[in-house]
Amino acid sequence: KEQLLAEGLDPAELKKNGFHCHFHYVRFPGTRGDEYFQQIILTRRQGGWDLFSRVYGPKIRWADAYVLNPYVRLEGPGGEELTRLTLFQGRVGAHEAQRQAPVRGRVFLPLLPEDSRIEVGYDYFFDARQPEAAGGPFRLDVTARLSGRAPQ
């Protein structure tokens, strides 16, 4: 997928120092959120990381569904929470929601330990057409190496 560079990223500087970006696209499995998607982009810049995430999908844009408090969470090597980016505090969707999808968020982070972990999730999911599939919380680990070096 083609993406535009985030504001403040200079192509000349990237060519000189290298470009390190981790892109994750998550389609949540199973009946709960099977048409709920989340995109996570971590880009190394200016001595740290730019974390961007977007939540979208037909169930939370046009159908009778919502998701509560979608987030991205980064965890250190010892399991401690480094940061949590909540994309929207409340219900996101087309059914009894406070905001229609898509929602997005961005935060700049200092350098992260190489073996940090990335997790996406939400606190609750509801689909009026499939009320038996409602529930939460749900978390999904989408960990990638953050060192910027190619895997050995």
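1. Strands, numbered from the N terminus, are DSSP runs of at least two residues in state E. On that basis Asn-69 belongs to the loop between strand E4 (65–68) and strand E5 (71–75). Its phi is near 55°, a positive value in a residue other than glycine. Asn-69 is also buried, with a relative accessible area of 10%. The backbone at this position therefore merits a statement in the note: a buried loop residue carries the positive phi.

2. The model under review is predicted. Mean pLDDT for the chain is 79, and 72% of the residues reach 70 or more. Over residues 147–152 the pLDDT falls below 50, and this stretch has seven contacts in the model beyond near neighbours in sequence.

3. In secondary structure the chain comes to one helix and eleven strands. Read along the sequence, the order is α-β-β-β-β-β-β-β-β-β-β-β, with the helix preceding the strands.

4. Several totals describe the chain as a whole. Of its 152 residues, 45% are buried. Among contacts with a separation of 6 or more, 59% are between residues 24 or more positions apart. The exposed area is about 8400 Å², of which carbon and sulfur atoms supply 48%.

5. How many salt bridges does a search of the whole structure find? The search returns seven. Side chains of opposite charge can pair when their charged atoms come close. Three of the pairs are taken up in the next points, including two that involve Arg-73.

6. Arg-73 and Glu-75 meet through their side chains in a salt bridge, at 2.6 Å from N to O. Arg-73 forms a salt bridge with Glu-81 as well, and here the closest N and O atoms are 2.8 Å apart. Is Arg-73 buried or exposed? With a relative accessible area of 12%, Arg-73 is buried, because the value lies under the 20% limit for that class. Glu-81, at 44% relative accessibility, counts as partly exposed.

7. A further salt bridge links Arg-84 and Asp-123, whose closest N and O atoms are 3.9 Å apart. This pair is accepted because the cut-off between a side-chain nitrogen and a carboxyl oxygen is 4 Å. Arg-84 lies in strand E6 (residues 81–86), whereas Asp-123 is in the loop between strand E9 (117–122) and strand E10 (124–127), so the pair ties together parts that are 39 residues apart in sequence. Both ends have intermediate accessibility: Arg-84 is partly exposed at 36%, and Asp-123 is partly exposed at 29%. Separately, salt bridges that share partners join Arg-73, Glu-75 and Glu-81 into one network.

8. Two cis peptide bonds should be noted when the backbone is inspected. One joins Ala-101 and Pro-102, with omega about 5°. Pro-102 is situated in the loop between strand E7 (91–93) and strand E8 (103–110). Another joins Gly-136 and Pro-137, where omega is about 0°. Where does Pro-137 lie? Pro-137 is found in the loop between E10 and strand E11 (138–141).

Note on methods
Residues are numbered from 1 along each chain as its sequence is written. This is a predicted model: local features need pLDDT of at least 70, side-chain atom pairs count only at pLDDT 80 or more; totals for chains, interfaces and linings use all residues. Side-chain values use heavy atoms; hydrogens and water are left out. pLDDT is the predictor's confidence in each residue, from 0 to 100. Contact means heavy atoms within 4.5 Å. Buried means under 20% relative accessible area, exposed over 50%, partly exposed in between (1.4 Å probe, protein chains only). Helices (H or I, at least four residues) and strands (E, at least two) are DSSP runs, numbered from the N terminus. Accessible areas come from the Shrake-Rupley method with a 1.4 Å probe; for residues, only the protein chains shown count as cover.
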